[in-house]
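User: I've got a structure open and lots of labels to make sense of. Can you walk me through how such labels are earned?

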Amino acid sequence: MRMLMVLPAICRAMVLFLLGLPALLAASLALAHEGHDHGAAAAPLAISLVFDAQGTLWRASVKDGHVLVDSSPDKGQHFDTPRVVNPDAQKIGVDGDAKPKLAIGSAGQLYVTWTQALQKPYTGYIWFARSVDDGKHFEPPFIVHQDRAEITHRFDALAVSRVPGQAQDRLYVGWVDKRDLLAAQAAGQPYAGAAIYYAVSDDGGASFAAERKLADSSCECCRIALVTPDDGSGDAVALWRHVFEGGVRDHAIARFNTKPVAADAIKRASFGNWQIDACPHHGPALAQGGDWGWHMAWFDGGTHNREKMPGLFYARMDGEAWVSSPAKRIGDGSKQAGHPALISRGDAVWLAWREMEADGSRLYLMRSDDGGRSWGQAEPMLSTAGSADYPMLLMRGTQVYLAWNTARDGLLLKALETAP
């Protein structure tokens with residue numbers, strides 16, 4: 001108990017929460033993000049992957065304080081010499097829901113973001129760099145946000161949009177930010193959680209406009225799901241774990257662009273009513289659902305859902321009426337089913353997640369062919385012993401791939417069905 005007292009407040013809350021649960025639930029949440037390598041002996045397993053229009057696989061990883069980007073012409077069997085994105089070594093976030101992000105531009109540009117951890121606990125800066133010469137080299141990186149206080153700017157998210165009539169890509173970078181929490185504390189005012197901020201570039205990442213706040217009262221340590229719809233609007237849609245009234249940590253969704261965010265833009269997306277004064281390090285997944293809305297997948301702590309068991313859930317969100325369909329349980333909660341990935345094409349949707357085994361973990365996959373209204377059976381796809389990253393779903397042309405970075409077996413890439 002003496003060790004407990006030296007932990008930060010939010011970590012103490014999480015530990016005390018776990019101590020009050022049955023052993024199975026405690027193990028589930030305590031191990032929820034152990035798959036990332038926190039040690040210095042090996043490169044972290046947290047990576048990002050993306051295919052370009054020519055079918056080349058690009059990878060962003062971290063080693064010795066540097067973000068590295070390399071490419072593979074043969075679907076991950078061999079990679080070329082890595083390019084160093086940040087010349088000066090930094091302490092880079094690769095634990096829990098943190099990892100560098102990588103995206104491809106409309107003309108083959110490479111865009112990268114990452115979180116630099118600062119000296120004070122839970123503080124950081126969001127960095128950005130780009131390559132405009134097919135990845136041969138990267139331009140000097142810079143901090144995205146204008147606020148340079150040594151506070152929380154963490155858990156970066158990156159999305160790219162092609163705006164009709166605009167010469168350059170539009171880029172959105174979002175992150176978790178605590179400037180409003182600190183301001184409220186200084187004024188003696190209550191404030192729950194952190195906030196979601198974002199910055200926009202309309203010149204393909206050459207510069208970013210001053211950041212704007214998307215929402216108050218977000219969860220402090222859960223990744224943001226950030227996508228741009230392919231409807232030519234140039235908008236972005238974000239899904240994140242939110243702190244609702246009474247300390248309930250469900251999810252919120254919002255569609256936004258370069259204009260000021262309207263007061264009614266934030267919509268509630270999940271209704272598990274998980275009341276917990278701590279951060280689960282367990283962000284959601286989001287994919288576009290044709291012309292009607294969005295596919296969502298998330299982790300719920302189980303204190304108020306019908307099965308009274310932690311686990312994964314899926315639902316559809318109508319993008320016009322902003323009404324969520326009834327949540328569907330996914331996976332085996334007793335095996336710590338978590339960290340979902342989603343990808344869609346037309347009415348075809350793929351949903352992957354990880355479950356823990358006695359000596360490692362296994363990835364499972366489900367497919368829907370009717371826009372998420374019904375689903376096939378969950379099928380085991382990949383397994384490994386030891387530590388591993390979270391699953392990723394990628395599209396190469398019309399071919400869907402399941403990707404997984406593991407300590408024992410390296411990068412695993414499995415071809416799934418061809419999308420319609």
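Analyst: Sure, let's start with one word: buried means under 20% relative accessible area, exposed means over 50%, and partly exposed is in between. Keep in mind that this is a predicted model.

User: Okay, why is F256 called buried?

Analyst: F256 has 5% relative accessibility, and the cut-off is under 20%, so F256 counts as buried.

User: What makes Y198 and F256 a tilted pair?

Analyst: Two numbers matter here. A pair of aromatic rings is described by the distance of the centres and the angle of the planes. For Y198 and F256 the centres are 4.6 Å apart, and the limit for a pair is within 6.5 Å. Their planes make an angle of 55°; under 30 degrees would be stacked and over 60 edge-to-face, so this pair falls into the rest, called tilted. Y198 is buried too, with a relative accessible area of 3%.

User: How do you know that this pair links distant parts of the chain?

Analyst: Look at where the two rings sit. Y198 is in strand β11 (residues 194-201) and F256 is in strand β15 (residues 248-256), 58 residues apart.

User: How many aromatic pairs are there in the structure?

Analyst: There are twelve aromatic pairs. One of them is W114 with W127: the ring centres are 6.3 Å apart and the planes are at 10°, so the pair is stacked. That pair links distant parts of the chain as well, with W114 in strand β6, W127 in strand β7, and their positions 13 residues apart.

User: Are W114 and W127 buried or exposed?

Analyst: W114 has a relative accessible area of 0%, so W114 is buried. W127 comes out at 16%, and since the cut-off is under 20%, W127 is buried as well.

User: Which residues do ring pairs link into a cluster?

Analyst: Y111, F128, F142 and F208.

User: Now the cysteines. Why is C219 in no disulfide?

Analyst: A disulfide is a covalent bond between the sulfur atoms of two cysteines. The rule used here asks for sulfur atoms within 2.5 Å, and by that rule the count is zero disulfides. For C219, the nearest cysteine sulfur belongs to C279 and is 3.2 Å away, so the distance misses the 2.5 Å cut-off. Seen from the other side, C279 is in no disulfide either, with the sulfur of C219 as its nearest, 3.2 Å away.

User: What makes C219 and C279 buried?

Analyst: Their accessibility values. C219 is at 2% and C279 is at 6%, so both go below the 20% mark and count as buried.

User: Why is K75 called partly exposed?

Analyst: K75 has 36% relative accessibility, which lies between the 20% and 50% cut-offs, so K75 is partly exposed. K75 lies in the loop between β3 (66-72) and β4 (83-84). Its phi is near 60°, a positive value in a residue other than glycine. Most residues other than glycine have a negative phi, and that is why a positive value gets pointed out.

User: Where is Y122, and how exposed is Y122?

Analyst: Y122 is in the loop between β6 (110-117) and β7. At 33% relative accessibility, Y122 counts as partly exposed. Phi of Y122 is positive too, near 65°.

User: What makes β5 and β8 edge strands?

Analyst: They belong to an open sheet of four strands, in the order β5-β6-β7-β8 with antiparallel pairing. Each of β5 (101-104) and β8 (142-143) pairs on one side only.

User: How do you know that β7 and β8 pair?

Analyst: There are two bridges between β7 (residues 124-131) and β8, and at least two are required, so the two strands count as paired. W127 has I143 in β8 as its bridge partner.

User: How do you know that R179 is over the ring of Y197?

Analyst: R179 lies over the face of Y197, 4.1 Å from the ring centre, and the distance limit is within 6 Å. Another case is R59, whose charged end sits over the ring of F79, 3.7 Å from the centre.

User: Which residues of helix α4 are buried, and what covers them?

Analyst: In α4 (residues 179-186), the buried ones are R179, D180, L181 and A184. Their cover includes β9 (153-161), β10 (170-177), β11 and β12 (212-218).

Key
Residues are numbered from 1 along each chain as its sequence is written. This is a predicted model: local features need pLDDT of at least 70, side-chain atom pairs count only at pLDDT 80 or more; totals for chains, interfaces and linings use all residues. Side-chain values use heavy atoms; hydrogens and water are left out. Buried means under 20% relative accessible area, exposed over 50%, partly exposed in between (1.4 Å probe, protein chains only). Rings of Phe, Tyr and Trp (its six-membered ring) pair if their centres lie within 6.5 Å; planes under 30 degrees apart count as stacked, over 60 as edge-to-face and the rest as tilted. A charge sits over a ring if NZ of Lys or CZ of Arg is within 6 Å of the ring centre and within 35 degrees of the ring normal. Contact means heavy atoms within 4.5 Å.
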